[in-house]
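I opened this entry to look up ring pairs and burial, and then the surroundings of one charged residue.

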Amino acid sequence: KLLGRMSPTSLKVVLRQMQEGKDKSFTDCFKMESKMARRFMEKDDFFEGVRALLVDKDKSPKWNPPTLAEVSENEVSTYFP
């Protein structure tokens with residue numbers, strides 16, 4: 001239930017992060033995290049989540065794309081070095 005309210009893009013990115021990170025060193029994981037954080041700040045979902053939770057407090061974020069099925073693997077790949 002909780003995951004259904006989260007950003008679909010973030011969910012797919014975190015899944016890939018866990019899959020790739022299990023075989024990386026601490027240093028490589030940190031580099032991966034740094035690139036992911038920069039990329040999240042370039043996209044709208046982070047700001048939409050802040051708006052929905054902290055600014056307007058409506059708890060109704062409008063994710064883009066709105067579903068897991070609409071998040072392409074190409075988009076997910078842009079979060080990784």
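I looked first at burial and noted that Phe-40 and Tyr-79 are both buried (under 20% relative accessible area with a 1.4 Å probe on protein chains only; over 50% is exposed, and in between is partly exposed). The model is a predicted one, in which local features need pLDDT of at least 70 and side-chain atom pairs pLDDT 80 or more, while totals for chains, interfaces and linings use all residues. Residues are numbered from 1 along each chain as its sequence is written, and side-chain values use heavy atoms, without hydrogens or water.

I then searched the whole structure for aromatic pairs and found 2 (ring centres of Phe, Tyr or the six-membered ring of Trp within 6.5 Å; planes under 30 degrees apart are stacked, over 60 edge-to-face, the rest tilted). The rings of Phe-40 and Tyr-79 have centres 4.7 Å apart and planes at 50°, so I entered the pair as tilted. Because Phe-40 belongs to helix H2 (residues 26–42) and Tyr-79 to the segment after helix H4 (73–77), this pair ties together parts 39 residues apart in sequence (helices are DSSP runs of H or I, at least four residues, numbered from the N terminus). For Phe-46 and Phe-47 the ring centres are 5.3 Å apart with planes at 85°, so that pair is edge-to-face. I noted Phe-46 as partly exposed at 40%, and Phe-47 as partly exposed at 44%.

Lastly I looked up Glu-20, which lies in helix H1 (residues 8–21) and is partly exposed at 26% relative accessibility. Leaving aside residues up to four places away in sequence, Glu-20 touches Met-32 and Phe-80 (heavy atoms within 4.5 Å).

How values were computed
Helices (H or I, at least four residues) and strands (E, at least two) are DSSP runs, numbered from the N terminus.
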